[in-house]
Amino acid sequence: MPPRQPYLTKSRFLAGQQCALRLWSQVNDPLPHEESEEGSVQALGIAIGQEAHRLFPGGVLVDHPPYAHEPAVRRTRELMADRRVPAIFEAAFEAAGVRVRVDILERGTRGRWRLTEVKSSGSVKDVHLDDLAVQGLVVEEAGVRLESAGILHVNKAYVRGKGAVDWKRFFTRADLTADFRSRIEDLPGAIAAMARIARLRQAPAIDPGRHCDSPYECEFQIRCHKGLPKDWIGHLYRINDCKFEALKAAGIAAIRDIPEDFDLNHQQQIIRQVLKNRTEHVSPDLTKLLAKFGPPAAYLDFESMAPIVPLYPKTRPFESLPFQWSLHVWDGKKKPTHDAFLADGMTDPRRAFIESLLAAVKRLDLPILVFSSFEMTTLKQMAALFPDLAKPIERLMARLCDLLPVVQGGIYHADFQNSFSIKTVAPALAPHLTYDDLETVADGLAAAQAFESLAAGRVQDKADIANLRQALLDYCQRDTLALVEVHKALLARAPKQRGRGR
Ligand code: SF4
């Protein structure tokens, strides 16, 4: 028997649309399989898909794993033939060399079926239409007549009531039958082209580029980007596709090699000079930029979560819910003092968050330094949500000073690595400050996931809860300490100008 040709799947098809090498690698040289981590975006997406099943009572799940595709196809056929089954979850089909699992296949009228894909996003995205088209094409090629095709996604306008989540209102279905029909025309040609790529004996020669991050972050980046210079042009701060392609066409891979006469914006020119000369850039305006920032000063950072499924009454899907703040105060001489708040998560954390913060800053008549516009945005939301606290919140807002634009306009260090995140800026300017020892929670996304896991009751063990809460406190405290250190480092770099600018 001749060896079986490699098959395509919907995921492989979408990978192939992004990059031929990504498709080939998924088929011929895949990475080891990794289970989705608890609380991760993937795990939440799977959980949302399972919740959607509630909308189709009597539906039956084809629970065969992906590698058991042929038995899954047989089981799907059995269920389709059983008129008592109103809907099939994870229905399996194979046609035209493509294997698919359909999230929900619902029995329609006159022997036809309604195909539905479930997405955990708040709207239909263009890439969902390609996804739907592939599913629908394979299902129809397999002999199933479709009545409609659509996407079931999260209804952002849903507001949770006092009781359990109302799943019927939480989800909304967009009927995309017309879009699906218009997209499937070109698909057979695209599928044939991808099948040819999948069968290649050698990996196709594709250079890394802007497509490595769009529309998905490719999982093969460590492998593909290994030979690239550390200061690869693809990482240049806010470089656009046009300039990237022009540099690539000119054979330039490293930012330090970009010619002087190449059109870069002011920030990009500074980055190029720093990488070329291995010197730090300090703007002559740094003192002026720092004029209103103290010390003495306070340093503030918030953490928030945006659960897809609302955890509390009167909250919506994806609504930003601040749950934690950290505040350092530095007089310019002594060791900074520290204060913090971390909600318990049992109830909506917002009122306790803002009341505790207002109490902490009540007697502080100081500039309050932050490192993003997020704190200002959050305070505006709190003022709108709690009109009785609007006045003190507005007074607090008037004292916020964002250090991020000062860093962006006033300094560049080679170790920023084209990023102005506090996590790269602080260790570059103050090497004794590091995030390396933070394991459980080391960035904002991990903080949001950790708190959501606690608030949703997914962590039950008392010791685990205590450890996770301590990790959250340590992380947020590190962020405001980093802010103190960045401020100190900036002041130290503009010593002669100090006093003139004040
Ligand atoms: S890292 Fe880039 S070039 Fe490599 S497979 Fe992924 S998308 Fe293609």
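Helices (H or I, at least four residues) and strands (E, at least two) are DSSP runs, numbered from the N terminus. The structure is a predicted model, in which local features need pLDDT of at least 70, side-chain atom pairs count only at pLDDT 80 or more, and totals for chains, interfaces and linings use all residues. Residues are numbered from 1 along each chain as its sequence is written.

**Exercise 1. Describe the shell around the ligand: which helix gives the most to it, and with how many residues?**

Step 1. A residue is near a molecule if its C-beta atom, placed from the backbone, lies within 6 Å of it. There are 13 residues around the ligand, and Cys-19, Arg-22, Cys-212, Cys-218 and Cys-224 come nearest.

Step 2. Two helices, α2 (20–28) and α9 (221–224), each supply at least two residues of this shell, and α2 gives the most, with three residues.

Step 3. Sort the shell by class, where Ala, Val, Leu, Ile, Met, Phe, Trp, Tyr, Cys and Pro count as nonpolar, Asp, Glu, Lys and Arg as charged, and the others, Gly among them, as polar. The result is eight nonpolar, four polar and one charged.

**Exercise 2. Examine helix α13: what span should its 12 residues have, and which of its residues are buried?**

Step 1. The expected span is 1.5 Å times one less than the number of residues. For α13 (residues 350–361) this gives 16 Å, and the end C-alpha atoms are 17 Å apart, which agrees.

Step 2. Apply the burial criterion: a residue is buried if 20 or more other C-beta atoms lie within 10 Å of its own, exposed if 12 or fewer, and partly exposed in between, with C-beta atoms placed from the backbone. In α13, Arg-350, Phe-353, Ile-354, Leu-357 and Val-361 are buried.

Step 3. Viewed down the axis of α13, the buried residues fall within an arc of 85 degrees (taken over the directions from the helix axis to the C-beta atoms), so they line one face of the helix. An α-helix has 3.6 residues a turn, so residues three or four places apart point the same way.

Step 4. Find the partners, counting two residues as in contact if their C-beta atoms, placed from the backbone, lie within 7 Å. The buried residues of α13 pack against β9 (297–305), β10 (321–330), β11 (337–342), β12 (368–370), α14 (374–385) and α15 (390–399).

**Exercise 3. Characterise the contact of domain 1 with domain 3: how many residues does it take from each?**

Step 1. The domain assignment, which is automatic or from a database, gives domain 1 (8–197), domain 2 (225–279) and domain 3 (286–493).

Step 2. The C-alpha centres of domain 1 and domain 3 lie 39 Å apart, and the contact takes 15 residues from domain 1 and 14 residues from domain 3. The side of domain 1 that touches domain 3 has six nonpolar, five polar and four charged residues.

**Exercise 4. Locate the unusual backbone geometry: which residues does a cis peptide bond join, and where does a positive phi occur?**

Step 1. Most residues other than glycine have a negative phi, and most peptide bonds are trans.

Step 2. A cis bond joins Gly-294 and Pro-295, with omega about 10 degrees, and another joins Pro-295 and Pro-296, with omega about 0 degrees. Pro-295 lies in the loop between α12 (286–289) and β9, as does Pro-296.

Step 3. Arg-238, in the loop between α9 and α10 (241–249), has a positive phi of about 55 degrees; Arg-238 is exposed, with 9 other C-beta atoms within 10 Å. Arg-278 also has a positive phi, near 55 degrees, and is found in the loop between α11 (266–277) and β8 (281–282), where it counts as exposed with 8 C-beta neighbours inside 10 Å.
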